[in-house]
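Colleague: Before I read anything into this fold, I would like to go through the terms used for it and hear what each of them rests on.

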Amino acid sequence: MMEKMYHYIDSGLPDIWLDGGVEFTETPDGPATAIQDIDGLHHLIAMGIIESVERTGRMTGPEFKFLRIELDMSQRATSQVVGVDANTIYRWEKGDVNVPTAAAKLLSMWYFETMTDERFKERMERIQQLDAAIVAHNAHERRLRHSDNGWEPTAA
């Protein structure tokens with residue numbers, strides 16, 4: 001008996017269909033799906049995106065988002081690396097604006113290097129840690145001002 005193909009829409013990509021490797025179960029809360037070796041699957045999808053960018057120079061917004069998420073980077077951190085504002089990243093990922101070829105190639109190279117070069121991966125993980133620290137810091141920011149009376153708090 002041939003298994004039914006599974007449309008993997010949770011990837012965020014409209015064209016991913018899985019033949020096997022998917023387990024369907026019934027739970028008290030309803031149906032559940034488990035995908036075998038999801039890290040391997042996501043790596044294969046990412047490498048397919050990179051190969052497509054090398055051939056065509058193009059990347060869709062959802063493909064850009066997929067790679068960004070695989071790199072575990074926020075839109076803000078990615079925008080700093082790519083050299084645009086975070087709203088531009090949002091518009092690319094939503095599909096409102098085409099992803100420029102340079103940005104597509106940069107993100108592709110970034111993913112590839114992260115997966116193949118341990119030192120590059122360590123540097124990218126450090127950037128992710130710094131990004132998380134900045135976000136956490138800004139959420140609890142305290143501003144202080146120095147005056148003739150010494151240091152005192154000010155409104156944010």
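**Helix contacts, a hairpin and a salt bridge**

Modeller: This is a predicted model, and a good place to begin is the contact in which His 42, Ile 45, Ala 46 and Ile 49 of helix H1 meet Glu 63, Phe 66, Leu 67 and Glu 70 of helix H2. By class, the residues of this contact divide into 5 nonpolar, 1 polar and 2 charged.

Colleague: What makes H1 oblique to H2?

Modeller: The two axes come within 10 Å and cross at roughly 130 degrees. An angle over 145 degrees would count as roughly antiparallel, and 65 to 115 degrees as roughly perpendicular; the value for H1 and H2 belongs to neither range, and therefore H1 is called oblique to H2. In its handedness, the passage of H1 across H2 is a left-handed crossing.

Colleague: Why is H2 called roughly parallel to H5?

Modeller: Helix H2, residues 61–70, packs against helix H5, residues 101–116, at an angle of about 30 degrees, and their axes are 10 Å apart. Because angles under 35 degrees count as roughly parallel, that angle makes H2 roughly parallel to H5. On the H2 side the contact is made by Phe 64, Leu 67, Arg 68 and Glu 70, and on the H5 side by Ala 103, Leu 107, Ser 108 and Tyr 111. Sorted by class, the contact of H2 with H5 has 5 nonpolar, 1 polar and 2 charged residues. The crossing of H2 past H5 is left-handed.

Colleague: How do you know that strands E3 and E4 pair?

Modeller: Pairing requires at least two bridges, and 6 bridges join E3, residues 22–27, to E4, residues 30–35, so the two strands satisfy that requirement. The strands run antiparallel, and a hairpin of 2 residues joins E3 to E4. One of the bridges can be followed residue by residue, since Thr 27 has Gly 30 in E4 as its bridge partner.

Colleague: What makes the pair Arg 55 and Glu 51 a salt bridge?

Modeller: In general, side chains of opposite charge can pair when their charged atoms come close. For Arg 55 and Glu 51 the closest N and O atoms are 3.4 Å apart, and the cut-off is 4 Å, so the pair qualifies as a salt bridge. A search of the whole structure finds 3 salt bridges.

Colleague: Why are Arg 55 and Glu 51 separated by about one helical turn?

Modeller: Both residues lie in helix H1, residues 38–56, and because they are 4 residues apart there, about one helical turn separates them.

How values were computed:
Residues are numbered from 1 along each chain as its sequence is written. This is a predicted model: local features need pLDDT of at least 70, side-chain atom pairs count only at pLDDT 80 or more; totals for chains, interfaces and linings use all residues. Side-chain values use heavy atoms; hydrogens and water are left out. Axes are lines fitted to C-alpha atoms, for helices over the stretch in contact, and angles run from 0 to 180 degrees between N-to-C directions. A crossing is left-handed if the near helix is turned anticlockwise from the far one by less than a right angle, and right-handed if clockwise. Contact means heavy atoms within 4.5 Å. Ala, Val, Leu, Ile, Met, Phe, Trp, Tyr, Cys and Pro count as nonpolar, Asp, Glu, Lys and Arg as charged, and the others, Gly among them, as polar. A salt bridge is a side-chain nitrogen of Lys or Arg within 4 Å of a carboxyl oxygen of Asp or Glu.
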